[in-house]
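User: Could you take a close look at the part of this model where protein meets DNA? I'd like one connected walk-through rather than a list.

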Amino acid sequence: MEFQLNLSKIPFNLENSLECGQVFRWKKENGWWVSVIDDKVVKLKQKNNLLNVKSSSNDTNEKYIRKYLRINDPLPDILSSINKDLIMATAVSKLNGLRLIKQSPWECLASFICATYKNIVSIKKMISNICCRLGKRIEFEGMIYYTFPEPEIVASVDKHTLENCGLGYRAKFLQETAKRIASREVALDNLEYSNYENAKAILLGNTGDGKILPGVGPKVADCVMLFSLEKLDAFPIDVWIRRTIQKYYSHLFENDTNHQISSWKDNSISATEYKTISKKMRRYFGSYAGYAQEYLFHYARKSEIVSLTSVSSNS
DNA sequence: GCATCACCTAGAGG
DNA sequence: ACCTCTAGGTGAT
């Protein structure tokens with residue numbers, strides 16, 4: 001399967017969208033961005049208004065690609081709705097065309113369970129290891145690729161297999177969560193049809209029925225909802241975003257006597273802080289707060305407007 | 001409820 | 001070659 005997608009008058013930037021930290025399995029090979037989506041190898045190359053697409057499957061049609069890349073999101077309207085201040089205006093002007101990507105919920109959930117307390121380079125390696133060892137093999141244009149393994153597979157392997165993928169203490173979290181997804185104790189795919197509050201309560205196990213997903217806290221839940229469950233108002237808060245907010249949005253918290261922004265410690269976010277920041281920023285940016293988060297996150301990392309002592313290169 | 005702290009491990013920096 | 005520190009946080013106390 002091979003075709004071109006005409007993007008004239010549709011703002012889209014492939015590189016920004018794939019490198020902003022929301023997806024972990026795309027890599028550049030011979031000028032093409034390559035990954036496996038579901039069970040299909042997909043290669044993408046953008047030249048101005050044209051997106052070249054190649055795939056191992058004939059099911060990878062224009063509709064499929066448009067959905068995955070969220071081409072139908074009204075990006076100009078979204079960006080003007082979140083463009084509320086100078087820092088966002090700068091991020092938008094530098095990253096225009098960055099779109100959220102619609103991932104498979106299970107792969108997204110598993111990825112962000114692995115992502116806790118790791119840098120992006122390490123995350124990519126862990127996920128690559130999981131796919132190599134447990135995924136289905138696909139050959140395309142002389143190269144071998146692997147699918148992301150189904151929850152049933154992850155649930156049933158020996159625990160050491162996951163540990164050997166470099167997951168460390170995350171191995172048991174991932175496997176336990178895989179079991180509960182595989183058994184459909186938690187119907188992950190149905191959460192797309194719940195609202196933000198309900199979906200989050202179910203992911204966090206706050207429904208009172210004891211269906212806990214280990215390794216899933218507020219940050220992981222927000223990432224899964226934003227990147228795979230159509231909750232574009234979700235606003236994940238990690239150390240980068242928190243530092244950016246502390247530096248550029250402290251005025252929003254001036255009247256908050258309970259949670260003075262100046263007292264935030266640099267290396268951790270308490271549950272209370274998470275709720276305070278999340279509520280404030282979701283209200284401030286509105287129904288597309290998740291787009292704002294992604295632009296701020298990528299801009300903060302790329303431009304180093306907030307400092308980290310150890311920043312890994314993105315290669 | 002709410003704050004503190006340990007946690008697997010790879011990779012960077014000294 | 002070593003040591004120290006940190007990473008898209010979460011769970012236990």
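Analyst: Let's start at Arg-170, where a polar atom of the side chain sits 2.9 Å from a base oxygen of DNA strand B. Keep in mind that this is a predicted model, so every distance here is computed from predicted coordinates.

Arg-170 has company around DNA strand B: 9 residues surround that strand, and the closest are Tyr-117, Lys-118, Lys-125, Arg-170 and Thr-272. Tyr-117 goes for a base as well, with an N or O atom of its side chain 3.2 Å from a base nitrogen of DNA strand B. Tyr-169 works through its backbone instead: a polar backbone atom of Tyr-169 is 3.2 Å from a sugar or linking oxygen of the strand. As for what the protein gets close to, sugar or phosphate makes up 48% of the DNA strand B atoms within 4 Å of the protein, and bases make up the rest. By class, the residues near DNA strand B come out as 4 charged, 3 nonpolar and 2 polar.

Tyr-117 also leads us over to the other strand, since a polar atom of the Tyr-117 backbone lies 3.4 Å from a base nitrogen of DNA strand C. Here 31 residues surround the strand, with Gly-21, Asn-119, Ile-120, Asp-238 and Phe-297 the closest. Of the DNA strand C atoms that come within 4 Å of the protein, 59% belong to sugar and phosphate.

Two of those closest residues are worth zooming in on. Asn-119 uses its backbone, placing an N or O atom 2.9 Å from a sugar or linking oxygen of DNA strand C. Asp-238 uses its side chain, with a polar atom 2.4 Å from a base nitrogen of DNA strand C. Helix H11 (218-228), helix H12 (239-248) and helix H14 (289-303) are the elements that give two or more residues to the surface near this strand. H14 provides the largest share, 4 residues. In terms of class, the surface near DNA strand C has 17 nonpolar residues, alongside 8 polar and 6 charged ones.

So, to pull the side-chain contacts with bases together: Arg-170 meets a base oxygen of DNA strand B, Tyr-117 meets a base nitrogen of DNA strand B, and Asp-238 meets a base nitrogen of DNA strand C. On the backbone side, Tyr-169 faces a sugar or linking oxygen of DNA strand B, while Asn-119 does likewise on DNA strand C.

Note on methods. Residues numbered from 1 in each chain as written. Chains lettered and ligands numbered in written order. Predicted model: local features only at pLDDT ≥ 70, side-chain atom pairs only at ≥ 80, totals over all residues. Heavy atoms only, no water. Near = heavy atom within 4 Å. Polar contact = N/O pair within 3.5 Å; in protein donor to acceptor, adjacent residues only side chain to side chain. Nonpolar A, V, L, I, M, F, W, Y, C, P; charged D, E, K, R; others polar.
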